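Subject: Structure handover and notes

Dear colleague,

I am handing over the structure below, together with my notes on it. Please read the notes beside the model.

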Amino acid sequence: MKKVLIIAPEYMGYIAKVAEELRKNQNLEITDIHIPTFKYPNLKIKIKNFFLKKISRDVKFDYRKKYINTIIGDQLYDCTLVIRPDLFTNTYLKELKIKSTIFKSYFFDGIERFPQKIKTIPLFDEIFSFEPNDCIKYKLKFITNFIYEQNTKPLLKYNKTYNVFNITSYDKKRYILLLKIGTNLKQRKISFKIIVKKKGGKKNKGLIDIITQPISLEIVHNYIQESLCMLDLGVIDKHKGLTFRIFEAMGLSKKIITNNPNITNYDFYNPQNILIINNENPIIPNHFLETEYIPVPKEIYNKYTLESWVKTVFKEII
């Protein structure tokens with residue numbers, strides 16, 4: 001039996017889906033570690049760590065290392081996949097590599113957002129990324145995000161709670177764009193739900209719901225099921241790749257509204273299912289909401305499933 005180790009931050013429920021898929025293979029033994037967010041025990045340690053970080057002695061690195069070592073001990077693995085390797089020191093990554101025959105990473109975010117990842121690249125046997133520009137510049141392996149939930153209900157155009165749904169993390173430019181869209185939809189009496197994860201703030205004029213903690217994929221799934229369209233707003237000056245929202249929508253047979261023009265480069269693109277909006281004038285026309293969703297052909301759809309993703313990333317052991 002081959003042993004697989006997956007290491008990711010606790011908030012990445014998507015990676016738990018990867019472990020679930022791998023466990024379907026009875027010839028694999030899966031250890032998936034989801035590291036809880038570090039919490040400072042007191043203000044003194046928080047202030048001390050502010051200065052330690054300047055000399056690469058961040059206490060969070062030690063916390064993550066101890067958390068992982070408590071679980072794996074001296075165990076050896078046939079394959080290890082690390083998400084967000086920038087959360088660890090290179091020294092510790094080398095220790096993990098010694099314990100694994102094949103050492104891989106998936107860059108869950110673009111390098112421009114977390115440039116510390118660059119220093120970790122030479123340590124891995126193979127690195128995957130959904131960001132096309134990063135793959136070209138740093139010679140990474142391109143792979144999209146994946147469909148982890150598939151539609152099991154009949155396609156019903158009507159009786160949806162929301163015409164448009166969006167959930168995202170806070171970014172100043174994106175927030176301003178969401179306010180524009182929400183204002184326009186409200187004026188036109190088109191139902192919508194917009195949720196933004198932000199450290200502080202309140203619901204904005206009935207347009208945006210603010211949350212301070214991540215919500216589960218199951219709750220997100222329910223919101224998408226109750227919506228006609230998924231609104232996906234990337235920070236296009238930083239990311240060209242497609243977010244998980246695109247694949248959540250495709251898996252649940254939902255229309256997509258996005259500001260990422262690069263989506264036209266993908267074989268599942270269909271203008272009846274996917275609307276590209278302009279940041280300066282983000283109008284969602286009525287006819288897009290009124291026309292039927294056209295199912296993606298199976299031979300194309302299957303390329304983006306979790307099953308396909310796992311077979312690609314773990315090809316040596318499956």
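The notes below go from the conventions to the whole chain, then to the two sheets and the helices around them.

Please keep in mind that this is a predicted model, in which local features need pLDDT of at least 70 and side-chain atom pairs count only at pLDDT 80 or more, whereas totals for chains, interfaces and linings use all residues. Residues are numbered from 1 along each chain as its sequence is written, and side-chain values use heavy atoms, with hydrogens and water left out.

The chain as a whole

The chain holds 11 helices and 12 strands, where helices (H or I, at least four residues) and strands (E, at least two) are DSSP runs numbered from the N terminus. Of its 318 residues, 49% are buried, a term that stands for under 20% relative accessible area, with exposed meaning over 50% and partly exposed the range in between (1.4 Å probe, protein chains only). Among the contacts with a separation of 6 or more, 66% are between residues 24 or more positions apart, a contact being heavy atoms within 4.5 Å.

The sheet from β2 to β6

One open sheet has 6 strands in the order β2-β1-β3-β4-β5-β6, with parallel pairing; two strands pair if DSSP finds at least two bridges between them. Its edge strands are β2 (28–35) and β6 (141–142), each of which pairs on one side only. Within this sheet, β1 (residues 2–9) and β3 (residues 77–83) run parallel and are joined by 4 bridges, and Ile7 stands opposite Val82 in β3.

Helix α3 packs on this sheet, where it touches β1, β2 and β3, and its direction makes about 155° with that of β2; axes are lines fitted to C-alpha atoms, for helices over the stretch in contact, and angles run from 0 to 180 degrees between N-to-C directions. Helix α4 lies across β1, β3 and β4 (100–107), running at about 135° to β4.

These two helices also meet each other: the axes of α3 (residues 59–72) and α4 (residues 90–98) come within 12 Å and cross at roughly 15°. The pair is therefore roughly parallel, the classes being under 35 degrees for roughly parallel, over 145 for roughly antiparallel, 65 to 115 for roughly perpendicular and oblique for the rest. On the α3 side the contact is made by Lys65, Ile68, Asn69 and Ile72, and on the α4 side by Tyr92, Glu95 and Leu96. By class, the residues of this contact divide into 4 nonpolar, 1 polar and 2 charged, where Ala, Val, Leu, Ile, Met, Phe, Trp, Tyr, Cys and Pro count as nonpolar, Asp, Glu, Lys and Arg as charged, and the others, Gly among them, as polar.

In the loop between α2 (43–52) and α3 sits Asp58, which counts as buried because its relative accessibility is 11%. Asp58 and Phe88 are 30 residues apart in sequence, and their C-alpha atoms are 9.8 Å apart in space.

The sheet from β9 to β12

A second open sheet, again listed with 6 strands and parallel pairing, has the order β9-β8-β7-β10-β11-β12. The edge strands here are β9 (209–211) and β12 (274–276), each pairing on one side only, and neighbouring strands are turned by 20° against each other on average, direction ignored.

Strand β7 (residues 162–169) has 6 of its 8 residues buried, so it is largely enclosed by the rest of the structure. With β8 (residues 192–197) it pairs in the parallel sense over 6 bridges, and with β10 (residues 227–232) in the parallel sense over 3 bridges. Phe165 has Lys193 as its bridge partner in β8 and stands opposite Met230 in β10. Further towards the edge, β8 and β9 pair in the parallel sense over 3 bridges, with Lys197 opposite Ile211 in β9.

Helix α7 (residues 217–225) lies across β7, β8 and β10 and runs at about 150° to β7. Helix α8 (residues 244–251) packs on the sheet as well, touching β7, β10 and β11 (255–258), and its direction makes about 160° with that of β10.

Helices α1 and α11

Helix α1 (residues 13–22) and helix α11 (residues 306–313) pack at an angle of about 80°, with their axes 10 Å apart, and are therefore roughly perpendicular to each other. Lys17, Val18, Glu21 and Leu22 in α1 meet Leu306, Glu307, Trp309 and Val310 in α11, a contact with 5 nonpolar, no polar and 3 charged residues.

With best wishes
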